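Dear colleague,

I am handing over the structure we spoke about, and below it you will find my notes on some of its charged pairs and on one of its strands. Please read them with the model open beside you.

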Amino acid sequence: MQHYPVYLAVANQTIVLAGGGAAAVAKLRLLLKTEARLHVYAADPVAEIVDWAAQGRLALHRHAPVQENFKGAVLAFAAAEDAVADAQIAAMAAQAGVPANIVDNLADSAFITPAIVDRDPVTVAIGTEGAAPVLARAIKADLEERLSPRLGLLARIGKLFRPRAEALPHGRARRNFWADYYFAKGPRAAEAGDDLGDVLNALLNEHLAQHPEQGHVDIVSAGPGDPELLTLKARKALHAADVVIHDGLVAPEILELARREADIIAVGKTGFGAHTPQDHINDLMIDHATQGAHVVRLKSGDATVFGRLDEELEALDAAHIPWTIVPGITAASAAVAQIGQSLTRRGRNSAARLVTGHDVAGYAEQDWRALAKLGEVAAIYMGKRSARFIQGRLLMHGADPATPITLVENASRADTNTISTTLGALPDAVTPLTGPAVILLGLAPRRATETNTEPKELVQ
Ligand code: SAH
């Protein structure tokens, strides 16, 4: 995006426009819809502009603008339709610190104006950064047809009613009320010429009478990072959520899938590092759900794997809040897929273990004797800090130092990194890792080409 779309507050602000011909008139048509104070500078304006001035809709100055005319303006338009004059106007605006638009000169304009579908206060702005004006016009025509001419009226009256609607619980209950107004009762009433204030009052009472819907919590698995590894259920839940409470490992691209209005709350929980106390996370979920919100508790990978899920479910049960779990792809699955291996293989290992490098007590003890056997496969989570400990325990229990090990960092993400090593070299191999990594014990990458030990820019 080379241009950032914004809605600028212009009520009672000064906008300067220089020019008195067709280009000026075209810009003024739209500017006249605003509540800005318009100052037009034109030595020889067309009749239309003179009329608008006579009606008091703009202030007309019958000369080209001078530097001091730009003082305090919020925007300037150079519409003299003369390259030299327009450049001078833009230069004066720049000198005064006022962004200027030069008509039909994208490159030298500080801002450009979009095509607009006007259902004031609902306005849809369409911009193509000058790439395809035809496309902008086609989209505009399409929307003009699709959006009811009464949409503006509905929105104006709806806006006045917003404080009253706060009587409904935040979240789903309130959304349902507005959906009912904008898409069902409102348009019908507007069509019939009914008083929309009355309609809103009746509708509010109707919605208040219904029991506010109880909130609930979806424990959603976000997968290892690649948004395409989300389940459709996870996507739907994100789309419907009022509140998303997520762990630090959840990729930003996945959070983007939440509704724009959703409350997004980060609760970091990283192994040995800083973390949000579990009680606080539980309280957050319970508070929001009690207020009727649809809460998504978003956990990286599969929520049921090393995610302290049970503690959260117990807290929800104690608060009588309904929950569901949406399963997902755990880091181990993504990691083995990436190196072209399977977690289990006939004749090699009939069981694969998911183990953690540390637990509440520190380094986690495992059935080392079993893990040390030839052909065993394990995916070790949170194992970077414990690598030396794990190596020591396995060797002590008779594991071969040549046992293959693959480290998969940032599995499924663009910045993924695979390191092929052996048990003997494990502690040194983990040193360069900065992102989340799974240690695959007993597995080497299937194809050497998939190994990548180049240092990369890593994102935690
Ligand atoms: N529930 C998660 C695991 C959470 S514990 C899951 O099912 O994947 C956090 C550990 O998961 C990290 O220390 C790391 O070992 C592993 N992990 C999470 N995302 C990862 C990724 N994209 N690549 C490699 N390992 C990852």
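A salt bridge here is a side-chain nitrogen of Lys or Arg within 4 Å of a carboxyl oxygen of Asp or Glu. The model is a predicted one, and it holds 17 salt bridges by that criterion.

One of them joins Arg119 to Glu144, with the closest N and O atoms 3.0 Å apart; this pair links distant parts of the chain, since Arg119 belongs to strand E6 and Glu144 to helix H4, 25 residues apart. Arg119 is buried at 10% relative accessible area, whereas Glu144, at 30%, counts as partly exposed.

Another salt bridge is formed by Arg259 and Asp242, at 3.2 Å between the closest N and O atoms. Each of the two lies in a loop, Arg259 between helix H9 and strand E10 and Asp242 between helix H8 and strand E9, so the pair ties together parts 17 residues apart in sequence. Both Arg259 and Asp242 are buried, and salt bridges with shared partners join them with Arg175 and Glu261 into one network.

Turning to strand E19 (residues 437-441), 5 of its 5 residues are buried, so the strand is largely enclosed by the rest of the structure. Its two faces are both covered, with Ala437, Ile439 and Leu441 on one side and Val438 and Leu440 on the other. E19 pairs in the antiparallel sense with strand E16 over 3 bridges and with strand E17 over 5 bridges; Leu440 stands opposite Ala379 and also opposite Thr406.

With best wishes

Note on methods
Residues numbered from 1 in each chain as written. Predicted model: local features only at pLDDT ≥ 70, side-chain atom pairs only at ≥ 80, totals over all residues. Heavy atoms only, no water. Buried < 20%, exposed > 50% of the residue type's maximum accessible area, 1.4 Å probe, protein only. Helix = DSSP H or I, 4+ residues; strand = E, 2+ residues; numbered from the N terminus. Pairing = 2+ DSSP bridges.
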